[in-house]
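Here is a small set of exercises to work through with the model open in your viewer. Try each task before you read its solution.

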Amino acid sequence: MTAPKVFIVIGPAGSGKTTIAQQTAKEHNAAYLDKDRICGRLVEFALEATGHDPTDRESNTFYRENLLPLEYQTLMDVAGVNLRLGRSVVLDAPFGAYFAVPDYLARAAEEFHWPPSQTTVVRVQVSQDVLRERLIRRGLERDRWKLAHWDEYWAAHGSLDCAWSGVQFLDLNNEKPLPIEG
């Protein structure tokens, strides 16, 4: 039996990471794990229950300090279960809060008991203009803050400079037109 593989698809909202992640999962017969589908409804409920706007995560300190870490812990835990079953995984999430932590993946793999596996980080890149146009076109409520604070959003999330060690990086320019997705 060959060791399962880990594909982590990163990029800002609207870059096309979901489309790329789903294609990768299909090509490799891997489990597709989307952070927002795994945790999104619970996070929105928690934000509303605590009096916060459920669509604003970027400027919300409560979310960033309390809920975001739980989302990623849950994602990494579910990935670990699949990997221990011998199933390759594709993780679809921005991960930007952890880019500057070189041993982030090694620590997560240890904490959630990942077996030895090859990890490829797919950085989905698009220009600022293309990204902004995609967010406008898809018209989602969760993009309202991003568009209203575009320069701040792009400065924080436009770069995919990731310091993770022990991984292979694959850069993918995704400027081609994409279908509008939710």
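The exercises go from the overall fold to single residues, and the model is a predicted one.

**Exercise 1. Work out which pattern of helices and strands the protein follows along the sequence.**

Solution. Start with the tally: the protein has 7 helices and 5 strands. Now walk along the chain and note each element in turn, which gives β-α-β-α-α-β-α-β-α-α-α-β.

**Exercise 2. Check how the radius of gyration of the protein compares with that of a compact globule.**

Solution. Take the chain length first: for 182 residues, a compact globule would come out near 16 Å. The protein has 16 Å, so the value agrees with the globule rule. For the extents, the C-alpha trace spans about 50 × 40 × 25 Å along the principal axes. Then turn to burial, where 44% of the 182 residues are buried. Contacts add another angle: among those between residues at least 6 apart in sequence, 75% join residues at least 24 apart.

**Exercise 3. Describe the surface and the charges of the protein.**

Solution. The exposed area is about 9600 Å², and carbon and sulfur atoms supply 53% of it. Next, count the charges: 20 are positive and 25 negative. Their mean positions lie 6 Å apart.

**Exercise 4. Classify the ring pair of Tyr-104 and Trp-164, and place both residues in the chain.**

Solution. You need two numbers, as a pair of aromatic rings is described by the distance of the centres and the angle of the planes. The structure holds 9 aromatic pairs. For Tyr-104 and Trp-164, the centres are 5.8 Å apart and the planes make an angle of 25°. Planes under 30 degrees apart count as stacked, so this pair is stacked. Now the places: Tyr-104 sits in helix α4 (residues 104–111), while Trp-164 is in the loop between α7 (150–157) and β5 (168–173). The two are 60 residues apart, so the pair links distant parts of the chain. Last, burial: Tyr-104 has 8% relative accessibility and so counts as buried, and Trp-164, at 4%, counts as buried too.

**Exercise 5. Do the same for Trp-150 and Tyr-153.**

Solution. Here the centre-to-centre distance is 5.8 Å and the angle between the planes is 40°, which makes a tilted pair. Both residues belong to helix α7, 3 residues apart, or about one turn of the helix. Trp-150 and Tyr-153 are both buried.

**Exercise 6. Find which residues the ring pairs link into a cluster with Tyr-104 and Trp-164.**

Solution. Follow the pairs from ring to ring, and you pick up Tyr-72, Phe-95, Tyr-98 and Phe-99. Stop at Phe-95, which lies in the loop between β3 (89–92) and α4. Phe-95 is buried, with a relative accessible area of 0%. Its phi is near 60°, a positive value in a residue other than glycine.

**Exercise 7. Decide whether His-113 and Asn-60 are buried or exposed.**

Solution. His-113 has a phi near 55°, again positive in a residue other than glycine. You'll find His-113 in the loop between α4 and β4 (118–125), and at 54% relative accessibility it counts as exposed. Asn-60 is in the loop between α2 (35–49) and α3 (61–84). With a relative accessible area of 7%, Asn-60 is buried. Leaving out residues up to four places away in sequence, Asn-60 touches Leu-47, His-52 and Asp-53.

Key
Residues are numbered from 1 along each chain as its sequence is written. This is a predicted model: local features need pLDDT of at least 70, side-chain atom pairs count only at pLDDT 80 or more; totals for chains, interfaces and linings use all residues. Side-chain values use heavy atoms; hydrogens and water are left out. Helices (H or I, at least four residues) and strands (E, at least two) are DSSP runs, numbered from the N terminus. The radius of gyration is taken over C-alpha atoms; the globule rule is 2.2 Å times the number of residues to the power 0.38. Buried means under 20% relative accessible area, exposed over 50%, partly exposed in between (1.4 Å probe, protein chains only). Contact means heavy atoms within 4.5 Å. Accessible areas come from the Shrake-Rupley method with a 1.4 Å probe; for residues, only the protein chains shown count as cover. Lys and Arg count as positive and Asp and Glu as negative; His and the chain ends are not counted. The place of a charge is taken as NZ of Lys, CZ of Arg, CG of Asp or CD of Glu. Rings of Phe, Tyr and Trp (its six-membered ring) pair if their centres lie within 6.5 Å; planes under 30 degrees apart count as stacked, over 60 as edge-to-face and the rest as tilted.
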